[in-house]
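Let's take a friendly walk through this model, beginning with its sheet and ending with its cavity. Please keep the viewer open as you read.

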Amino acid sequence: MSGGETTSAVELHGQTVDAWSEAHQDELVAVRRHLHAHPELGFVEHETTAFLEQRLTAAGLAPRRLKSGTGLVCDVGGDPDAGPVVVLRADIDALPLADLKDVPYASTREGLCHACGHDVHTTVLLGVALALASLDELPGTVRCVFQPAEEQVPGGGLEVLDEGVLAGATRAFALHCDPSLTAGSVGLRTGAITAACDRVEVTLTGPGGHTARPQLTVDLVHAMGQVVTEVPGLLSRLVDPRAGVSLVWGAISAGVAANTIPETGQLRGTLRVLDRAVWSEAEELVRRLVTDVATASGARVSIDYVRGVPPVVNDPRSVALLRSAALETVGSEGVALSPQSMGGEDFGWFAEVLPIALARLGTHGSGETLDLHRGTFDVDERAIRVGVRLLARTALHALAADAVPAGTPVGPAL
């Protein structure tokens, strides 16, 4: 097939997807509201998985569950051995937060809420699978991954890798809701778009004593203060500033009385970094700095360092494919340069296997911005149709691009 024929086929399929998403807008909104009203935490998304499984099976598709028991993989299109395989991923888990909204589709489960937009991500990918399944023929396979436990550390993305779901695929794409962008907008960025996120817990111990005689013991609170202030500063001088390293302490606890030097104290925080190479060295560096600073005061040190998720580093060629689809979906006025976020996203694990790209899906409607990870979070549901069109068209462009030799221009990256 010539380049012109390929472009024509992509555009024809894209128009069909556009028409499908328009015709099924009400159905997609109903799916999102059902998911929002029935949130489930990571690795216990049993009802969510069954709901998606039923919808996909009814469309003649053959989804299979991940070994963890929740989450699905569903291929749409031809023989995966006979053409390129492009992966689309959505996360299906919710957060342990109370839903504070007064809406008909508010969470029916106390203390659980889709406060990060995963209900939208899931609805979008379900819509993409159903829309693509309605096409007569695809020039390859679109592998839809409904991933569990994105909100956990190190994340359900590792389960996907361990099962070999990405084997043989050429690249992977995902969307994430962005309440700072208006509905109908798409945010793109080449390179790092989210940060690695590790958890750091430091326990300091000493003999304790009286605050009247700090010279006779280890002033543990002072030692903790040194770790709190000096270690982040030292990190900023030992790592290239362009790596975006940030160590922030979120919890400090020690002592019970004003005139008693405690025997133990604990610091808890997160280490975030945008550079994948620096992330691989971060644990060793943090352990060394904390130990050097704390032991200078005589305190004993115990460090629990939990590696979380890697940064999401968007592949330029994959972003170019996203951009082509975004221009067709929302026009040049709807495409924005997405800022880097120091938040974590376990889609970064997929980059261990293949090139990836994450796009931001604008969800802000009227009124105040409803930020992520809050019980008040909600979306302008017009974004759902935009997400379906964008992700489906991206898959179509990627199948066409990956069917030709690598290095062929596919459009400019943002």
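Begin with the open sheet, where eight strands (DSSP E runs of at least two residues, numbered from the N terminus) follow the order 1-2-4-3-5-16-6-15 with mixed pairing. Two strands pair if DSSP finds at least two bridges between them. The edges are strand 1 (64-65) and strand 15 (335-337), each of which pairs on one side only. This is a predicted model, in which local features need pLDDT of at least 70, side-chain atom pairs count only at pLDDT 80 or more, and totals for chains, interfaces and linings use all residues. Residues are numbered from 1 along each chain as its sequence is written, and side-chain values use heavy atoms, leaving out hydrogens and water.

Now look at strand 3, which runs parallel to strand 4 (residues 141-147) and is joined to it by seven bridges. In this pair, A90 stands opposite F146 of strand 4.

A90 also helps line the largest cavity, together with R89, H121, V124, L125, L175 and L391. A cavity is a set of points on a 1 Å grid over the protein atoms alone where a 1.4 Å probe fits but cannot get out; lining residues have an atom within 4 Å of a point. Strand 3 (85-91) and helix 4 (118-133) are the elements giving two or more residues to this lining; helices are DSSP H or I runs of at least four residues. Helix 4 supplies the largest share, three residues. The largest cavity holds about 40 Å³ of space, a volume being the space filled by probe spheres set on the points, which are joined across faces, edges and corners.

Note on methods. 1 Å grid on protein atoms, 1.4 Å probe; cavity = no way out; pocket = protein on both sides within 12 Å on 5 of 7 lines; lining within 4 Å.
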